[in-house]
Amino acid sequence: MLPFELLLSNPLQFFRVEVTLDDINDHSPVFREDLVCFRIPETSDPGSRFPMEGAEDLDIGSNNIQMYSIFPENEYFSVSYGSRSEDDKYVELVLKKPLDREEQAQVDFSLIAVDGGSPSRSGSTEVKIVILDVNDNAPIFTQETYIVKVLENMPEGSVVLTVLATDQDAGVNGEISYQLSQAGGQSNSAFLIDPSTGEIKLTKPLDFEVSGNHELRVRATDGGGLSAICKVLVEVVDVNDNAPELVVSSFSSPLPENTVPGTVVALFSVRDRDSGANGEISCGLEDQLSFSLRPAYKNYYELVTVSALDREETPRYILSVTAADAGSPPLTSTQTFTVDISDVNDNAPVFNQTSYTMYVRENNVATVFVGAVSAADADVGLNAKVTYSLAPEPGAERPSCSCISVNSENGHVFVLRPLDYEHLRQTEVTVSASDAGAPPLRANVTVRLVVLDENDNAPLVLYPAQDGSPASSELVP
C-alpha cells in the first residue's frame, strides 16, 4: 500500500489517496543455509520428527511458499509442513522407517520449497543426514572353525594362523580385540594371540609325540562389550625327530659254549614315537655268523644263535643291533649286546710230547728226580686244572712198575729206589693227565725209563774155580 495526499489549490481541496500495489511473483524462496546437517542415532523410532528452518519468500499471498518436497525421494524421510497459527509456520523431516547405519550410513537429499506463482518459483537446500552408530552388531568371524597344520619343529614365535572378525558398527563399537583360551582346561599353553591383529603365535615348540592336536577358543570382543567365539584346531604334523628306541626285556650272558643253535639270547622290543613312515622301524645285526635276528610278536625281536659256539675259539661276542626308521633322512639307534661264552669241559688235556724217555743211572739214590711230563687243557677254571697219575696196565689194578712215581700237581717223575742195570735195563709206565671237569676228561702218555750202566762189577774168573779146591795139572797153551 502506498498512501499519499492530493491537494488541489483552486478551489482548495484535500484528498487522501491510497495506491495498492499488486504483488507479482518476482522472488524465489530462499533458505538461510545452503546445507543443513542432522546427526541422528540409528535407534530412532519411526515417526520421529526433526524440525527445520523453512525458506523465506518475499512475495505474498499465492506467490509465497505453498509446498515443500524432497528430491530425490527416499524410503527413510518425508517432509511435513504447515501453520500452527497465522505467524507460526513449521517444516519438519519425518522418519518413515527404522534406520540401519550398517546398511546406509548417510542419507543425502534436497529440500525444495515451491511458491504458488505462475510460473512458480522454487528454492532448495541440501540436507545431510548422518546416522550415528549404536552397538547393535556383535563381531562375526570369517570362519566358525579354523583348521591349520603346523610342523612340530616350527620355531618359537612363528605365526600359526591369523583369525579375523568383523563388526559392522563404527568407532569404538567396531573396534575388536581378541582373547585366547585353550579347550579342556589345558595350562601352559603353547599359543598366544595378538589382541589387535588376531595373529596366533607359538610361545614354545610343539611336540607331536606329546599332543597331535590342540583345540583353541578365540573370543572377539567389540568396544561395546559384544563378543563372538570361534574354534581353532591346530594339527601338529610329525617330523622325524625321534630315533628308534630299543627296550631289552631279557638277556642271557654268559652263554654255555655247548648251547644248541636256535637258542634265544636276548628278547627286545623296538618303538619309535614318530608316526607314519617316520615310525616304521627295521632292525639289523652287523656282521655276525653265529647269531641272527628273528622277528617275534608284534614289534619284538629275538637274538638267537645260528651255529655251534666254541669258547676256546671266541670267548666273547660283541653284537651290535641297529634299528633305523624310514624317515628322510632316517634316524638310527644301536644297542650293543656283549655275550660272554662260558666254558664247558669239552677239551681233554694234551701232553706236549707224544711220549717221554727219561734216563737214570743205576745205583741211584732213592726218590731221585728224572724228568717231568706236562699236559695243557684248553678249557678254563676247574675244567683246565690238570692232575697227573700213573695209569695201571690194562687188566691190572696197579701200575706195572712200583719204582716210579709222578707228582700229581706238576708232573715231576721220580725213581723211588735204587735200580740195578744188571737186573733192569728199562721199563715203561703210562702217565694219565686228568682235568677237574664233571665228568673229567683224561689223556695218557707213555714214559720210558732207561737205566744207565755204571762200572760196579769186577771181572769174574769163571775157570779155574775160585772156590779153594786144590789145583790140578792143566795144560795151558
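Here is a short set of questions and answers about the structure above.

This is a predicted model, where local features need pLDDT of at least 70, side-chain atom pairs count only at pLDDT 80 or more, and totals for chains, interfaces and linings use all residues. Residues are numbered from 1 along each chain as its sequence is written, and side-chain values use heavy atoms, with hydrogens and water left out.

User: Which strand gives the most to the nonpolar surface patch?
Analyst: Happy to start there: the patch covers about 600 Å² and is made by Leu2, Phe4, Leu6, Leu8, Phe15, Val19 and Leu21. Its members must have over 30% relative accessible area and no salt bridge, with nonpolar side chains (Val, Leu, Ile, Met, Phe, Trp, Tyr) joined within 5 Å and like charges, in charged patches, within 9 Å; areas come from the Shrake-Rupley method with a 1.4 Å probe, and for residues only the protein chains shown count as cover. Strand 1 (2-9) and strand 2 (12-19) each supply at least two of these residues (strands are DSSP runs of E, at least two residues, numbered from the N terminus). The top contributor, with four residues, is strand 1.

User: Is Phe4 buried, partly exposed or exposed?
Analyst: Phe4 belongs to the patch and is found in strand 1. Buried means under 20% relative accessible area and exposed over 50%, with partly exposed in between (1.4 Å probe, protein chains only). At 40%, Phe4 therefore counts as partly exposed.

User: What is the volume of the largest pocket?
Analyst: A pocket is found on a 1 Å grid over the protein atoms alone, as an open set of points where a 1.4 Å probe fits, with protein on both sides within 12 Å along at least five of seven lines; lining residues have an atom within 4 Å of a point. Grid points are joined across faces, edges and corners, and the volume is the space filled by probe spheres set on them. For the largest pocket, that volume is about 340 Å³.

User: Which residues lie nearest the centre of the largest pocket?
Analyst: The lining of the largest pocket has seven nonpolar, five polar and seven charged residues (Ala, Val, Leu, Ile, Met, Phe, Trp, Tyr, Cys and Pro count as nonpolar, Asp, Glu, Lys and Arg as charged, and the others, Gly among them, as polar). Strand 5 (65-71), strand 6 (77-85) and strand 7 (88-95) each supply at least two lining residues. Of the 19 residues in the lining, those nearest the centre are Gly54, Ala55, Ile65, Tyr68 and Lys89.

User: How many residues apart are Glu92 and Arg49?
Analyst: Their side chains meet in a salt bridge at 2.8 Å, N to O (a side-chain nitrogen of Lys or Arg within 4 Å of a carboxyl oxygen of Asp or Glu). Glu92 is buried at 11% relative accessibility, while Arg49 is partly exposed at 45%. The bridge links distant parts of the chain, with Glu92 in strand 7 and Arg49 in strand 4 (residues 49-52), and their separation is 43 residues.

User: Why does the pair Arg311 and Asp343 tie together separate parts of the sequence, and how many residues apart are they?
Analyst: The closest N and O atoms of this salt bridge are 3.1 Å apart. Arg311 lies in the loop between strand 24 (300-305) and strand 25 (316-325), and Asp343 in the loop between strand 26 (332-342) and strand 27 (350-351). Both ends are buried, Arg311 at 11% relative accessibility and Asp343 at 17%. The pair thus ties together parts whose distance in sequence is 32 residues.

User: How many salt bridges does the model have by this rule?
Analyst: One further example is Glu199 with Lys201, whose closest N and O atoms are 4.0 Å apart. Glu199 is partly exposed at 27% relative accessibility, and Lys201 is partly exposed at 28%. The count of salt bridges comes to 15.

User: Which prolines follow a cis peptide bond?
Analyst: One cis bond starts at Ser118, with omega about 0°, and its proline sits in the loop between strand 8 (106-115) and strand 9 (122-132). Another starts at Ser253, with omega near 5°, and leads into the loop between strand 19 (245-251) and strand 20 (255-256). The prolines are Pro119 and Pro254.

User: What is the phi of Asn363?
Analyst: Asn363 is placed in the loop between strand 28 (355-361) and strand 29 (368-372), and at 43% relative accessibility it is partly exposed. Although Asn363 is not a glycine, its phi is positive, at about 65°.
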